[in-house]
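Reader: I am in my first year and would like one careful, close look at a single enclosed space in this protein and at what surrounds it. Could you also set that part in the wider fold?

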Amino acid sequence: IFSDRVSLPSVSMEPITTSTETPFCPQFRQVGKKEKMDRRRRGRAYTALAGALREPLENLISTEPTSALCAVNGGHDGVSDVDKLLDVFSFVGTIVHVEKIPGRPCAFVGFDCVESAVKAKAALHDKPCPKLFLEGSRDCNLYVEYISSQRLGRDLGRPGDASQVPGLMFAEKFISEEEEITLMDLLARSPWDRLKGRRVQHYGFRFNYTTNAYDTTAVPPLPAPCAELARRAFDKGLTPTLPDQLTVNEYFECGGIAAHVDTHSCFEDGIVSISLGADTVLDFWHRDGRHVGVPIPRRSVFVMTGESRYDWEHGIAQRKYDLVNGRFCARGTRVSLTYRKIRTGPCQCTFPALCDTALGSQPKTD
């Protein structure tokens, strides 16, 4: 009845007779059916994992313990959401990465050490976990395997602070709650240009994302409340020149922007950014391998000058949560006001590695 690939548990069975003293017991056959069903579900789960990452299983699963785990199950919908992943896995240690693959019954969880991953696998592998699954998948087991930590996306990191990035200045509560509400309402009523994963508005000058340069297309001047903030930043000495260009970005809760440097030849030193609506973590990368994640609370301001402006790339990872001060913070819709001063001549900075004037090319900007 069963294929050779299904190994049944060792059970001592007496020959079935018609004697009333030894009645037929159908439980033996039911055990076999359940085992077969479990094996099929496990096979579907691992097939889904391989399909999601487009690699053979032997290249995905590590035989040695690592700090990164993949969690899969045999249900049609599988693991439900990130909140429940955190609830189920966080009891063993500090999670630094969590990711659910949309439309697939699998997810990834990264810990800060191998020991925590070992404990999680021992506690959860090949066991029912109804808390984690969607309705209809509650009778399925959860399968937990080690994978290389390099296969995870950018982790939630261990956020540092602005002082770790030379030339980066940061201040909380740069604007009041009342100013935030006024600005959000003003911008919500203004027209947006839609880009991949975000919406933008331009004031003063328009930035052309095709040519990586500003152009002379007519755009409105800075709205009065926005111009007032530019003047405030200049008066407080946060920027060496008074900005004359503003780009407003609206990022949805999981949105982000790839690592980039603001085009050297387009803008002067001193890039000012004010956050509205939600917190985030801004990542800075240096070509020597340094990576610093800087928490950016709503209503705060950060200013990139000198090395941070010219020699580091910055970006925002696409994810639903940030890890800040040891706890997971769900993202919300965030609006950033980025102020710049238009440059009218070639860049003469002393950081040629990312300088389009020195390289004869123009890096991407937001």
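Author: The answer below begins with the enclosed space, follows one residue of its lining, and then turns to the strands.

This is a predicted model, in which local features need pLDDT of at least 70 and side-chain atom pairs count only at pLDDT 80 or more, while totals for chains, interfaces and linings use all residues. Residues are numbered from 1 along each chain as its sequence is written, and side-chain values use heavy atoms, with hydrogens and water left out.

When the whole structure is searched, 2 cavities of 30 Å³ or more are found, a cavity being a set of points on a 1 Å grid where a 1.4 Å probe fits but cannot get out. The second largest cavity has a volume of about 50 Å³, counted as the space filled by probe spheres set on the points. Its lining, meaning residues with an atom within 4 Å of a point, consists of Y251, F252, G255, D279, T280, I316, R331, G332 and R334. Sorted by class, this lining holds 3 nonpolar, 3 polar and 3 charged residues, with Gly counted as polar and Tyr as nonpolar.

Among these lining residues is R331, which sits in the loop between strand 19 (327–330) and strand 20 (334–340); strands here are DSSP runs of at least two residues, and helices of at least four. R331 counts as buried because its relative accessibility is 7%, the cut-off being under 20% with a 1.4 Å probe. The side chain of R331 reaches two backbone oxygens, that of G255 at 3.1 Å and that of A317 at 2.7 Å, and a polar contact is a pair of N or O atoms within 3.5 Å. Leaving aside residues up to four places away in sequence, R331 also touches (heavy atoms within 4.5 Å) a series of residues that includes E253, C254, D279, T280, V281, I316, Q318 and D322. Of these, D279, T280 and I316 belong to the lining of the second largest cavity as well.

For the wider fold, the chain contains 8 helices and 20 strands, and 46% of its 366 residues count as buried. Among contacts between residues at least 6 apart in sequence, 74% join residues at least 24 apart.

Strand 16 (residues 301–304) is covered on both faces, with V301 and V303 buried on one side and F302 and M304 buried on the other. Strand 16 pairs in the antiparallel sense with strand 6 (residues 168–171) over 4 bridges, where pairing requires at least two bridges found by DSSP, and M169 stands opposite V303 there. Strand 13 (residues 271–276) also pairs with strand 16 in the antiparallel sense over 4 bridges, and I274 has V301 as its bridge partner.

Elsewhere, 5 strands form an open, antiparallel sheet in the order 2-3-1-5-4. Strand 2 (95–100) and strand 4 (127–128) stand at its edges with a single partner strand each, so one side of each is left without a neighbour in the sheet. Strand 2 pairs with strand 3 (residues 106–111) in the antiparallel sense over 5 bridges, among them the one that joins H97 to G110. V109 lies in strand 3 and is buried, with a relative accessible area of 1%. Not counting residues up to four places away in sequence, V109 touches S67, A68, L69, L85, F89, I95 and H97, while its C-alpha atom is separated by 8.7 Å from that of L86, 23 residues apart along the chain.

Conventions
1 Å grid on protein atoms, 1.4 Å probe; cavity = no way out; pocket = protein on both sides within 12 Å on 5 of 7 lines; lining within 4 Å. Buried < 20%, exposed > 50% of the residue type's maximum accessible area, 1.4 Å probe, protein only. Polar contact = N/O pair within 3.5 Å; in protein donor to acceptor, adjacent residues only side chain to side chain.
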